[in-house]
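Here is a guided walk through a protein chain, taken one neighbourhood at a time. Keep the viewer open and turn the model as you read.

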Amino acid sequence: MKRKLSLALAVILTVSLFTLPVQAASRTFTDVPATYWAYDAIMEMTDRGVVNGFTASTFGPGGQVTNAQFVVMMTRAFYADDLESTESQVDYWWGANMHVAQDAGLIDNTTLGNTYQRISGVDSWDANLAGQPMTRYDMAMVMYNYLRDAVEMPSASELQEAREDIGDYSSIPSGYQDAVATVYAMGCLNGTSAGIFDGSANMTRAQACVVMQRIMDAQSDNPSGETTRPEETETPDVDYKLTIALMNSNLSVGDKVFADMNTIPSTAKDDLTFTFKSSNTSVVTVKASSRNSFSCDITAVGPGTAVITATDSNGVTATQTITVTGSSTNPGTSTSDDYADVKDEIIELTNEVRAENDAGALKKSDLLMQIAQQRAEESAQMQAIDHGRPDDSFYNTIFAEYGLDIYSMNYQEILAWATTTDAHYAVNLWKNSSGHFNSMTNPNMTLVGVGVAMGNDGKTYYCQIFTNTDDVN
């Protein structure tokens, strides 16, 4: 069934999270209170125009920072003059930044997984890798490539001390070891609370702001190479304990329960705000409750085990393991589809656009249809088009839930919402946006999945997923 409105309103998601106007010094973010552990760093970086908020009133501190986003932050902070005189030959919002970063030696043919290269003077990159969450290894390398030319490096004894302090140093790939030891010794990127570097882990937007602040401090305060290393954890000392109160951690598929955040002493939670995350959203989803500021709503989606993590505005965390039994009710596996005709029409229209631009036709993938449908329903649930998910993870985490390996495939996602359920309208929205058009006509993509979902706000949410494989591990 198609529903058309003569005056349809629509919004499409731009992949860049850094294209908003620079925040004013007096700007406040509802999700970054003055008590938040990274408040000072976030305010400084937004004041400097190094990074902007998701919206005028939200920053998204727990969102993962991508390879491209961190390169943009570095070049905005330290190579502003070069950016003004640089033009990229390819139409990506971060193209000029990648170009400057390459010329400055911040990235090379191995850094960031070959995200960017210069071939005979021509810009060339993999936009999918650029949009992937940055690992701690790659962040250390980019920082190291900048710092070694900007400040005096730590002494041999300081580097050796750092190597001895890092619990997993022997397992760090050789190409990253010098970078990790250097940034660790300088206090720019510390180990985790477990005493290891954990280089394969990703970084958040808040952590990236803290790191940027430390780089600036290292350059301005320690030009002679004097180094001090802060505490291993990013979390400040607090005089309370945080726990998750859940009456039953053994659930059946379909169960919906809530949990409260408790502190000892209990009065400590009065001024705190909380964010929540599930380690496996195919087992359990979690979101902040509308009832109060210290509860979360938990839904058992599929059989298995997941860990719920609550993080308060001071950066203190608490966890709760949940076990779910029963048959999966994953929304992406539903066999009924009220929008099957709309989805097929979107694929047909997309292939017409590709044919007009000399790109091969996309093949409909049943697996990608399931993934795209779940992503559309997640958008409808959040009532927003966001490459993040309800648990604050990046959208590409959904591929692992369906058995796909993101490191051996190309993939892209485009989203839209509209006040009409109309395939032509949705495709025209994407077609008239340069970033979405590039994704639709990417010749490296061969498969497609489409999702359509209706939100409680009366809007229709659309998702297209493009990949070059749907082979399950």
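Met-382 sits in helix α11. In this predicted model, is Met-382 buried, partly exposed or exposed? Its relative accessible area is 26%, and because buried means under 20% and exposed over 50%, Met-382 counts as partly exposed. Leaving aside residues up to four places away in sequence, Met-382 touches Gly-388, Arg-389 and Pro-390. You can also look across to Lys-287: this residue is 95 residues from Met-382 in sequence, yet the two C-alpha atoms are 9.6 Å apart in space.

Step along to Gln-383, and you enter the loop between α11 (366–382) and α12 (397–401). Here the backbone deserves a glance, since most residues other than glycine have a negative phi. Gln-383 is not a glycine, but its phi is positive, at about 55°. With a relative accessible area of 40%, Gln-383 is partly exposed.

Asp-198 offers a second example of a positive phi in a residue other than glycine, with a value near 55°. You will find Asp-198 in the loop between α8 (174–185) and α9 (205–221). Its relative accessibility is 32%, so Asp-198 counts as partly exposed.

Another backbone feature involves a proline. Most peptide bonds are trans. The bond from Ile-264 to Pro-265, however, is cis, with omega near 5°. Ile-264 closes strand β6 (256–264), and Pro-265 belongs to the loop that runs from β6 to β7 (274–278).

Strand β6 also leads us into a sheet. Strands of a sheet pair through backbone hydrogen bonds, either parallel or antiparallel. This one is an open sheet of 4 strands, in the order β4-β6-β9-β8, and the pairing is antiparallel. Which strands form its edges? They are β4 (241–245) and β8 (284–288), each of which pairs on one side only. From one strand to the next, the twist averages 25°. Within the sheet, β6 and β9 (residues 295–300) pair over 5 bridges in the antiparallel sense; to find the register, look for Ala-259, whose bridge partner in β9 is Cys-296.

Now move to strand β11 (residues 317–325), which has partners of both kinds. Strand β5 (residues 250–252) runs parallel to β11 and is joined to it by 3 bridges, with Ser-252 opposite Thr-325. Strand β10 (residues 304–312) runs antiparallel to β11, and 8 bridges join the pair. Gly-304 has Val-324 as its bridge partner in β11. β10 and β11 form a hairpin with 4 residues between them, and in the turn Gly-315 has a positive phi of about 90°.

Strand β15 (residues 460–467) is a good place to look at burial. How many of its residues are buried? The count is 8 of 8. In a regular strand the side chains alternate between the two faces of the sheet. In β15, Thr-460, Tyr-462, Gln-464 and Phe-466 point one way, while Tyr-461, Cys-463, Ile-465 and Thr-467 point the other way, and all are buried.

β15 has antiparallel partners too. Strand β13 (residues 411–418) is joined to β15 by 8 bridges and runs antiparallel to it; there, Ala-416 has Tyr-462 as its bridge partner. Strand β14 (residues 447–454) also runs antiparallel to β15, through 8 bridges, and Val-450 stands opposite Gln-464. β14 and β15 make a hairpin with 5 residues between the strands, where Gly-458 takes a positive phi near 85°.

For a look at helix packing, turn to α2 (residues 67–78) and α4 (residues 95–104). Two packed helices are described by the angle between their axes and the distance between the axes. The axes of α2 and α4 come within 9 Å and cross at roughly 70°. Angles of 65 to 115 degrees count as roughly perpendicular, so that is how α2 and α4 lie to each other. The crossing is left-handed. On the α2 side, the contact is made by Ala-68, Val-71, Val-72, Thr-75 and Arg-76, and on the α4 side by Asn-97, Met-98, Val-100 and Ala-101.

Finally, zoom out to the whole chain. Its secondary structure comes to 14 helices and 15 strands, and 50% of its 473 residues count as buried. Among contacts with a separation of 6 or more, 71% are between residues 24 or more positions apart. The accessible surface is about 20,700 Å², with 47% of that belonging to carbon and sulfur atoms.

Definitions and conventions. Residues are numbered from 1 along each chain as its sequence is written. This is a predicted model: local features need pLDDT of at least 70, side-chain atom pairs count only at pLDDT 80 or more; totals for chains, interfaces and linings use all residues. Side-chain values use heavy atoms; hydrogens and water are left out. Helices (H or I, at least four residues) and strands (E, at least two) are DSSP runs, numbered from the N terminus. Buried means under 20% relative accessible area, exposed over 50%, partly exposed in between (1.4 Å probe, protein chains only). Contact means heavy atoms within 4.5 Å. Accessible areas come from the Shrake-Rupley method with a 1.4 Å probe; for residues, only the protein chains shown count as cover. Two strands pair if DSSP finds at least two bridges between them. Axes are lines fitted to C-alpha atoms, for helices over the stretch in contact, and angles run from 0 to 180 degrees between N-to-C directions. Angles under 35 degrees count as roughly parallel, over 145 as roughly antiparallel, 65 to 115 as roughly perpendicular and the rest as oblique. A crossing is left-handed if the near helix is turned anticlockwise from the far one by less than a right angle, and right-handed if clockwise.
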